[in-house]
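Here are my notes on the model, set out as numbered points. Please read them with the sequence and the structure open.

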Amino acid sequence: MRRRRAEKRQVMADPKYSSELVSRFINVVMISGKKMVAENIVYGALAIMQEKITEEPVLKAFSRAIDNVRPKVELKARRVGGATYQVPVDVAPLRGTSLALRWVRDFARKKKGKSMMSKLAEELIAAHKQEGAAIKKRDETHKMAEANKAFSHFRW
């Protein structure tokens with residue numbers, strides 16, 4: 001390691017649900033510092049999610065959706081003697097959550113023809129049901145890690 005690690009900033013819990021996870025998701029969705037727009041999108045998506053999933057509170061459903069998408073292992077490129085190997089590495093909880101939030105946002109953005117609010121709600125509901133593009137991405141990542149397990153001795 002060359003320099004000291006940057007300290008992780010504590011994210012303020014969001015005002016509506018007083019949840020750190022929702023607050024982080026708002027920050028992930030935000031573009032060009034427009035936080036109010038991002039808040040409206042996320043809160044709208046959670047409201048749609050509340051209508052569709054009635055068996056549990058929306059906050060619990062949201063955190064379960066993110067947990068379902070969170071990867072356990074990921075691949076890191078390691079150079080060993082001129083060759084680059086894809087080495088499977090365990091994912092730290094904070095990084096796993098960040099990846100999950102980003103994947104959900106990205107796959108929602110890729111969809112066409114609806115408002116971001118409804119696209120985000122659809123993706124979250126799909127993740128809650130263990131389906132959808134973000135879940136597919138997680139499974140793909142796990143499959144790749146499994147395939148490259150032979151290189152796990154290069155982990156350091």
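1. Overall fold. The protein chain has six helices and two strands, and this is a predicted model. Read from the start of the sequence, the order of elements is α-α-α-β-β-α-α-α. The C-alpha trace spans about 55 × 35 × 30 Å along its principal axes. Of the 156 residues, 42% are buried. Among contacts with a sequence separation of 6 or more, 59% join residues 24 or more positions apart.

2. Nonpolar core. The largest nonpolar core holds 36 residues, and the members touching the most others are Phe-25, Met-49, Phe-62 and Leu-120. At least two core residues come from each of helices H1 (20-29), H2 (35-52), H3 (58-69), H4 (93-110), H5 (116-128) and H6 (133-147). In soluble globular proteins, nonpolar side chains tend to be buried together. Leaving aside residues up to four places away in sequence, Phe-62 touches Leu-21, Val-22, Phe-25, Leu-46, Met-49, Leu-101 and Leu-124.

3. Helix H1. Eight of the 10 residues of H1 are buried, so this helix is largely enclosed by the rest of the structure. The buried residues are Leu-21, Val-22, Ser-23, Arg-24, Phe-25, Ile-26, Val-28 and Val-29. H2, H3, H4 and H5 are among the elements that cover them. Note that the buried set in H1 includes Ser-23 and Arg-24 beside residues such as Leu-21 and Phe-25.

4. Arg-105. Is this arginine buried or exposed? Arg-105 has a relative accessible area of 14%, and it counts as buried because the cut-off is under 20%. Arg-105 belongs to helix H4. Not counting residues up to four places away in sequence, Arg-105 touches Val-28, Val-29, Met-116 and Leu-120. Of these contacts, Val-28 and Val-29 are buried residues of H1, and Leu-120 is one of the core residues that touch the most other members.

5. Largest pocket. The largest pocket has a volume of about 600 Å³. Its lining consists of 17 residues, and those nearest the centre are Lys-8, Arg-24, Leu-94, Arg-95 and Ser-98. H1 and H4 are the elements that give two or more residues to this lining. By class, the lining has seven nonpolar, seven charged and three polar residues. Arg-24, listed above among the buried residues of H1, is thus worth viewing again here, as one of the residues nearest the pocket centre.

6. Hairpin. Strand E1 (residues 73-80) and strand E2 (residues 83-90) run antiparallel and are joined by eight bridges. Val-80 stands opposite Ala-83 in E2. Two residues lie between the strands of this hairpin, and Gly-81 takes a positive phi near 55°.

7. Backbone points to check. Most residues other than glycine have a negative phi, and most peptide bonds are trans. Which way does phi go at Ser-18, which is not a glycine? Ser-18 has a positive phi of about 45°. Ser-18 lies in the segment before H1 and is exposed, with a relative accessible area of 58%. Gln-130, also not a glycine, has a positive phi of about 65°. Gln-130 sits in the loop between H5 and H6 and is partly exposed, at a relative accessible area of 43%.

Notes
Residues numbered from 1 in each chain as written. Predicted model: local features only at pLDDT ≥ 70, side-chain atom pairs only at ≥ 80, totals over all residues. Heavy atoms only, no water. Core = buried A, V, L, I, M, F, W, Y, C linked by side-chain atoms within 4.5 Å. Buried < 20%, exposed > 50% of the residue type's maximum accessible area, 1.4 Å probe, protein only. Helix = DSSP H or I, 4+ residues; strand = E, 2+ residues; numbered from the N terminus. Contact = heavy atoms within 4.5 Å. 1 Å grid on protein atoms, 1.4 Å probe; cavity = no way out; pocket = protein on both sides within 12 Å on 5 of 7 lines; lining within 4 Å. Points joined across faces, edges and corners; volume = space filled by probe spheres on them. Nonpolar A, V, L, I, M, F, W, Y, C, P; charged D, E, K, R; others polar. Pairing = 2+ DSSP bridges.
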